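Biologist: Got a minute to go through this one with me? I'd like to talk about the cavities and then the cysteines.

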Amino acid sequence: MSDLCACDEGRFARPHSVTITEFGAVGDGVTLNTHAFTNAIFYLNSFADKGGAQLYVPPGRWLTGSFRLISHLTLFLHKDAVILGSQEPSQWPVIDPLPSYGRGRELPGGNHMSLIYGENLTDVVITGENGTIDGQGAVWWDLYHNKSLDYTRPPLLELVNSEGIVISNLTFKDSPYWNIHPVYCKNVLVQNVTILAPRESPNTDGINPDSSTDVCIENCYISNGDDLISIKSGWDEYGIAYGQPSSNIIIRQIIGDTRASAGIAFGSEMSGGISDVYVDGLVVTHAKAGIRMKTSRGRGGYVKDIYISNVNISNTEWAIEFTSLYGDHPDENYDPDALPDVERIVIDNVQAWDVKRAGNFHGIQELPFRDILLNNVVINVTELTDVWNCSYVEGYSEYVEPEPCVELQTQGGSLEPSYADGSDDASFSDI
């Protein structure tokens, strides 16, 4: 799995390159450049079978509506380049909802297309010298708060059913909704990225790998209004029917703070399943929880074979929270008997301070959270009561302070869970 984080620098060099100004773009922050981006990318498509091409964005403030990428493309931003999302919602077209969600996440019907969008692509690099992609999301946040949305808000960058993706050395700012959303993707590297949004901005998740495999996210700073990173895989009956899990994911060296939710989260939409996730090196402040698993009856799916280590948490409500009482449903057709299966989760080497309470584990009676393994977890709590809150959870613990609830006090549990398919004795220590 460590190969997931390897980056071939040769992919950044394309034999053909054009500058957005060659297609009439004006970087004054006022002129709308949607047609310039669209025409430039259409032109570069002719080089797809010749090693691909690069679209260079020079210094300036380049206002645009949504535009689509192509395969074998590098989008490269100069350090003083800013791609600005239009503040006119009409410049963000409405597209069909994702099949694993069945509808828009916020409202029935479709979704506004992300500012930068791609579907069925191969070999795409979005990079630069720490240039900025700015969604100017305040207008969308106001629509959300005023309940004036007609469709679900757009992400800043969404790639669908694509493979061989590199997103690196950029700043993402003020997204209308989620920031980076690879969905149904494979071989995705997100590296050296900064994501910024006000803490009060609603649902501005940082990076959400969704029904995607072979993903590496590393060396990122995220300050936003929701989860820093949330792994997802579809929503209730639609996610179950689509049946595409998220798996083989490495997340390491992430620093950030958030108004709500978590540093690393699983769900709440996880109906296609999540497995084989390795998290190493997380620093999070001002969150609902440092580590959070969110699900509910009707989700189905599973979260299993997760290893989380070397985490520093401060100024949160909970250090760790696993809940089965989270999230709404897309419609009345979900199956309330579809229970999420949560098992084989290792949380190792956690230091937390100025945290109200240590841990909240609320499972489901018919299918408790199982094999939750805590090792070397030291939490400085500020509340004196209900430090641990546990129900319908079974697990093990060693070297945990304050002493965990009895459901997690069983000794002798392995801290190296085997892989879910049972065909391999390898443990996460081999990663």
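Biologist: How much space lies in the largest cavity?

Modeller: About 140 Å³. Keep in mind that this is a predicted model.

Biologist: Which residues are closest to its centre?

Modeller: Leu-98, Asn-111, Glu-158, Trp-178 and His-181, out of 13 that line the largest cavity.

Biologist: And what does the lining of the largest cavity have by class?

Modeller: There are 5 nonpolar, 4 polar and 4 charged residues.

Biologist: Switching to cysteines. How many disulfides are in the whole structure?

Modeller: A search turns up 2. One is between Cys-5 and Cys-216, with the sulfur atoms 2.0 Å apart. That link is right-handed, with 100° about the S-S bond.

Biologist: What does the Cys-5 and Cys-216 pair tie together?

Modeller: Cys-5 sits in the segment before β1 and Cys-216 in strand β17, so the pair ties together parts that are 211 residues apart in sequence. Both cysteines are buried.

Biologist: Which cysteine is joined to Cys-390?

Modeller: Cys-405, at 1.9 Å from S to S. The torsion about that S-S bond is about -70°, so this disulfide is left-handed. Cys-390 is in strand β28 and Cys-405 in the segment after β29, 15 residues apart.

Biologist: Why is there no bond from Cys-220 to Cys-216?

Modeller: Their sulfurs are 8.7 Å apart, which is too far for a bond. Cys-220 is buried, with a relative accessible area of 4%.

Biologist: What about Cys-185, buried or exposed?

Modeller: Buried, because its relative accessible area is 2%.

Technical notes. Residues numbered from 1 in each chain as written. Predicted model: local features only at pLDDT ≥ 70, side-chain atom pairs only at ≥ 80, totals over all residues. Heavy atoms only, no water. 1 Å grid on protein atoms, 1.4 Å probe; cavity = no way out; pocket = protein on both sides within 12 Å on 5 of 7 lines; lining within 4 Å. Points joined across faces, edges and corners; volume = space filled by probe spheres on them. Nonpolar A, V, L, I, M, F, W, Y, C, P; charged D, E, K, R; others polar. Disulfide = S-S within 2.5 Å. Helix = DSSP H or I, 4+ residues; strand = E, 2+ residues; numbered from the N terminus. Buried < 20%, exposed > 50% of the residue type's maximum accessible area, 1.4 Å probe, protein only.
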